[in-house]
Every structure is written in structure tokens, then in C-alpha cells.
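Biologist: Could you give me a close look at how one part of this fold is put together? I'm happy to go slowly, with the terms spelled out along the way.

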Amino acid sequence: MRKLTRPILFLLACLVYAGCSSTKSLKPGQILYTGAEVKINPDSTGKIDDEKQIKADLKGKTRPKPNNKLKLAIYNFAGEPKKAKGGLRNWIRKKGQAPVLLSEVKLKYNNDVLTSYLLSEGYLQAEVTGDTVVKNRKGKAIYTANTGQRYKINQVNFPPDSGVLTKIINANKAKTLLKAGDFYDLDNYKNERIRIDNDLKENGYFYFSPDYLIMQVDSTIGKNLVNVSIKVKDIAPDAALKPYTIKNINIYPNYSLRRDTVLRRLKPLEYKDFNIYDDRNTFKPRLFDRLVFFQKGEPYNRKDHNQSLNRMVNIGAFQDVRAEFLPVDSFKNNQLDLNIYLTPLKKNSLTFSVTGTSKSNNFVGSEVKVTQTTRNLFRGAEQLDLSVGGGFETQTRGTSLGKNSLSLTTEAKLTYPRFIVPFYKPNSTTAFIPKTIASLSYQMLNRGGEYTLNAFKGEFGYNFKENQYKEHNFNPISVSYISTGFPSRKGKAPNFVRDSLYEVNPLLKSTLENQFIIGSNYNFTYTNQMETNRRNNTYFFGGIETGGNLWGTFVPKDDEGKRTLFNVPLSQFIRIEADLRDYYKVNRNVTWANRLNLGYGYAYGNSTSLPFVRQFFAGGSNDIRAFPARTLGPGTYKVRDDATFADQGGDIKLMLNSELRFKLVSVLYGALFVDAGNVWLRKEDVGVPGTADTGRPGSEFKLKNALNELAVGTGAGLRVDATIFVVRLDVAFPVRKPYLAEGQRWVFDNIAFGDKDWRRENLIFNIGIGYPF
């Protein structure tokens, strides 16, 4: 009972907040601090630029911070504990916050902090004075800032050419961040010192530091202007004032502290400019041509330094990377020895995972996956991943109650940390490792006793990160063989199940038939989501896949003019997809996420429609959540509730999602969302006259009707976001059903949460791992 009582009381404290006095727990003579107020130039009519932002910045720098009202209410609600430790009152008080008192406010300290900030923004005559106001045992601090005029830069003077160092500084002065006419800004001065330091680092000045530069500001020239003079400090050490070159490059590829002494006594293997200390021949020497950008005798430069470290880290072969630059003969010579210490990851590792699943198509189950990873397979930092996964799902409710779905997946993937291109040796100098990837996989999927899909796939291609934002994947060769089998029914004809499915939906004959897919694909990804300080982040994925185009020209035609391989038809199509996502931080705890997903497929030649495994589908936990997975569309068509085969694919897809995500407490987040979209066929499925096949009326895509045929759903969700994993529960219901008659598709008037039948037919629960987008 106690575990249940605590959260109830906690909630009660929140509800009675309005009735709790915020000064309830104060002792005689104590005054509650309610916050700071900032006034800017109150005695003058002139306003300063960005006054609202400056005022907010000043207020944010005052200390202490006033109480969080809710936490203070919880603290007051608990009352004075009767015990020194333990007990319910102590537990509740720990969830709250003790009153912040006016006596804790240090006016002089805050005055100095606020004045310093205004000076850094160019208000060189600024003065700040603080005072307090008390009423009804509550007090606030009022800070009055008289800023004066904001100063601008009149001119910037660089040091005269008196040597190589000053010559380098002057050679790049056109790139200065300090421009005549700009406002005085202390941050710009700091960044200018860093810019100059970077220029010097690129030219061998290893021991130089931004702290050895001084910006002298003369504000006595009048008219609220300043002259800025950049100088090298007289106290800068001699080592910082001269450039250094690389003498020896010593590499320890199998380093550990335990073997440090042994490794240093070894006779090194001399390979080009490298001295390699490794008695176990862990890596081929040529690997370091692609990892280390320094050469003997060249000046030190930061670009080579950073790119070398990034490559050694990103190659995925080392658990620890360290570069050490040591002066030769204690700074007497302008030379550095470079020592590189590399500790390899374990040769082999095994990972095992068990995943529970529950989807909006009413299937629940689990998946088990085991992956064996072998690193440095051929002593060139190659990686071989062998994985086996199995899954089981069963229908818990709906028209297919009791049907089981089984899956088995195996994959072998070999990754080379370089481009392997016939007759060409590409030379990449970026910080990211280009990769060549060859993979073979097999997947068996038994869908509820309806059919068994066997898919074999081989792929060869390249992965390349242009920079931290852009990534390219190009597979010039991708070969898939898809074989479909159907179960038999006791007492029925051998092909009874297959013929029954084809009779209901003849289009399945072309999408589920045995077929080869031989083609190429290219994917491009852009994201700046790693920049967590940005208010607005973007993600874009674009992909194009071709089947039977270039490679299909090498496949001969049969007697009917169709291209076949081993008597199996070759699929011919073009498939394009784009996925754009935007994440806008409303504030620290609220994010507005949006997605636009477009897809288009064109089948030709041998094919009348896209292969089943390449079609677009709508509905499901990561899609349009108010509709069961794969059952939406195409167009205004609605699959029968008692359909034997419910999956509805299409050639064209349009989907829009908008979701407001907000923090509730700790790792618990909430969400409100709206999803809209549908799939269509390029040409309507008209069926076969005179048979049971009536086709799928309304399935054709027509641009003028597209928006009118969108399905719309909305709902809310809870997410446990523990950073390393996210567990999601969403509940959604449709507000627009495209399969209803025109004028009746919006169903707001039919919403009835209190109606059991309505809930059963319309509420869709989705459990997922990770965010939907």
C-alpha cells in the first residue's frame, strides 16, 4: 500500500499547489525571493538594439535562481518532518525544493556580473545598480542598467612583419572576424585569437596558443569608436614562436602498457616514412598509408593531426588511440617525434539480443539474433559479421486470430576500410574511412500459413561519408532471388491456397511470383542532428533503385520476349524514395517533429507492378498509426475485414507526420501527433470481368484527387527515453477515412470514446522500440 500511496500523495501535492501558501514554511524574519527584474535605461527614451534579448540574458545571469513554484508547493505541502530521517514527509520534501531567501541575494556580485556582460557586448560605459523590494514576506531584486552608447570598431591593426610568424598572421588577415563598423564584441575577439592560432598550427607552430595573443583596445578616440591592435605577447615562450617539422613517425599497432618496455626495445619495421614496432605483425604496413597523413620532414599541421586521429578512431579496429608529439633534443632542434599508440579491439566478439515486438497489425512476438564479429580478418582492418536471427509472431485479435508468422534471417557481411575499384585506385584524404561492403543474406518469412517467402540477396558496393553531415551508399551490383511457396490443405487440390489468394487478388500473381531482381541502388543521407545545440535540426534521406535496367541487358529474352534467368522472370522497375524530417526545439523540454515521406515506383518490360518486397505500404506503428499495418489503400479502396490476405501495396506513396514531444518527468516523455497519407497504384486494378475478381476500384493515383484521398489519424503517446533505448506506446484513432464516400470521409462526428464498439473498431495501440521518426 505504501508504494501506491506515495505517487497518490505526490499527485495530490501538485493538485493542491494553488491552495498552498508559498511562504508557509518561512521562519520569522525570513523573506521569500521571487526573482529578478531588469530595467534598461529607464531614465532615457532611447532604446538599445536587441533590448529584449539583452534583458533576458541579464536576468539569466543573476543569482540565485528563484524557486520552481511546483517544487516549492510540494516542499510546503510536506510540512515539517517529525523524524530527522525517513518517513513520508521527508520523502516528499526531497521531491520538493526549500524556499530561496532574499538574504541569499548578493547585489554587489550580481551588479559586477551584469556590468561585465554589458562591457563584453560593447557597452563600455555601462553601469548596473541593484536594489530589493519587499511585500507580504516576498521580495525581488531590481537591477537598473544604464548602458550608454554601444561602441563600434574603427580600425583593426595587425602586427608589423617582423618575422615568419607575423608574416603568417598578416597573410590571412583578410579572413579576420574583426571588421571596421562592427560592434565591439568580446566573443569575436576570443574567436579571432583562435582563428590566428589555427593558421599558425597549420604552418608548424605546434606550441603556440591563443593565450599568447593580446587584443589592445583603444576607446579614447571618441565618437563611441575603438581601435583594435593585435599583438604577440612579450612573455610568449621561444618554443611557441618557431615552427616544427616531423622527424620520426613511430607506430605501435599492438600497444599495451604491459608490453610498453618490450615494444620500445624492438627493432622497428621501416615502411616508407613509418617505424612500425610490432613483433606480432598485427596489421599490414600499407594500412597506415590510409590512416597517418604525416610525412617525415614536413611541417606539423593541425589538419593532418585531426584527420589522422579521426581515421584511426573511425576505422573500428582500435579500442584506444593516442598520438604523442615529443620535441627532439629538448626544444634545441625545431623537430618533433610522433609516437602513435594503438590498442586493437578483440579479434572476435559475439552479441546476443532478444527483442519483444507488438505491432499495429495485431501481431505480437519476439525476435532472437546472434552476431559473430571477426575483426582484422586479412590484417587490413577488415570486418566480417555473421548473424542469424529468428522471429515468431501470432495474431492476438482480428480476422486472422490464431495465425502464426515465422521468420528466419541469416547474413554475412564483409567490410573493407577502403575503396576496391577495378583499374582505379581512389585517393581519399577526408577524415572519414571509405568502405567497400560485400554481403550475402537469406530470409525466410512464413506469413500465417498463407505463403512462404524465401529471399536470397547478394550485394557489392561502397559507403562514403563526405563529411559529418553527408553520407553516400552506392551498390552497383545488387542481386535478389525471391521464391514463394504456398502450403497445402488436407482434402484440397495441391494449389488450393495459392489459387484462392490469386482469385481474391490476381495482382498477387505478379507480385508474389518467383523472380530475379538484378540492379543497382544509391542512397544519400544528410543530417545535422549531432549538433545538439541547434534549435532546428534536419534529416534527409533520398534513394533510387533500378531493377533489370543496365544489368538486364545482359539477360537473354525467352520465346515470349521476356527476359528470364534460369526460367525465372527478371523484374524491371525504377523506385525512388525521399524522406525529409525536421526537428524544432520549442524550448528545452518540448520538440516539434515533422516528416514528409514520398515514394514512386515505375514497373515496365517484364513487370506490370513493383515486386512485393519493393512496394510501398501504409499504416502501422512507424507510419500512419491510426490504421493497421499494410492495410491502408491503395487510394479509396478498402480491403475486406474478412480478407484472407490483407497486405495492400502500392506504386506511389505520400505521407506526412507531425508530432509534439514533451518531457513529463525524468525519462518519461509524452507526445501528441497527427499522421496523414496513403498509397496508390499507377494504374487502377480493374479486375477481370465475369469473375470473382472485382479489382480495386479507386486505387489509381490522380494528382488532382490525391489530397482528397489522404487518410488522417491522430493520437497520443508515452515514451520511456533512457538515451540508449526508447520504448514507445502510442494510441491512435482515425479522423478521416478515404474509403468512405466523398463528403463523409471526415469522421469527427462519429468519435465516441465511451462507446465500446467504437473503441474496438477504431482505437489502435502501437508498441515500438525507438521513435517513429
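Modeller: Helices and strands here are DSSP runs numbered from the N terminus, with H or I over at least four residues for a helix and E over at least two for a strand. Bear in mind that this is a predicted model, where local features need pLDDT of at least 70 and side-chain atom pairs count only at pLDDT 80 or more, while totals for chains, interfaces and linings use all residues. Residues are numbered from 1 along each chain as its sequence is written, and side-chain values use heavy atoms, with hydrogens and water left out.

Let's warm up on D199, which sits in helix 7 (residues 186-201). Buried means under 20% relative accessible area, exposed means over 50%, and partly exposed is in between (1.4 Å probe, protein chains only). D199 has a relative accessible area of 18%, so it counts as buried. If you skip its neighbours within four places in sequence, D199 is in contact (heavy atoms within 4.5 Å) with I168 and N172. I168 belongs to helix 6 (residues 164-171), where L165, T166, I169 and N170 are buried along with it. The cover over those buried residues includes helix 7, strand 5 (213-218) and strand 6 (225-232).

Now for the part I'd really like to show you, starting with helix 2 (residues 51-60). Its buried residues are E51, I54 and L58. They span an arc of only 65° around the axis, so they end up on the same side of helix 2. That arc is taken from the directions running from the helix axis to the C-beta atoms. For a feel of the spacing, an α-helix has 3.6 residues a turn, so residues three or four places apart point the same way. Strand 1 (32-40) and helix 5 are among the elements covering this buried set.

Helix 5 (residues 107-120) deserves a closer look: its axis comes within 10 Å of that of helix 2, and the two cross at roughly 145°. Axes are lines fitted to C-alpha atoms, for helices over the stretch in contact, and angles run from 0 to 180 degrees between N-to-C directions. The crossing is right-handed, meaning the near helix is turned clockwise from the far one by less than a right angle, with anticlockwise being left-handed. Helix 2 brings I54, D57 and L58 to the contact, and helix 5 brings L114, Y117 and L118. By class, that's five nonpolar, no polar and one charged residues. Nonpolar here covers Ala, Val, Leu, Ile, Met, Phe, Trp, Tyr, Cys and Pro, charged covers Asp, Glu, Lys and Arg, and the others, Gly among them, are polar.

Helix 5 also lies across strand 2 and strand 3, running at about 140° to strand 2. That takes us to an open sheet of three strands, in the order 1-3-2 with mixed pairing. Two strands pair if DSSP finds at least two bridges between them. Strand 1 and strand 2 (127-135) are the edges, each with a single partner strand, so each has one side without a neighbour in the sheet. From one strand to the next the twist averages 20°. Strand 2 and strand 3 (residues 138-146) run antiparallel, joined by nine bridges. To find one of these by eye, start at V133, whose bridge partner in strand 3 is K140.
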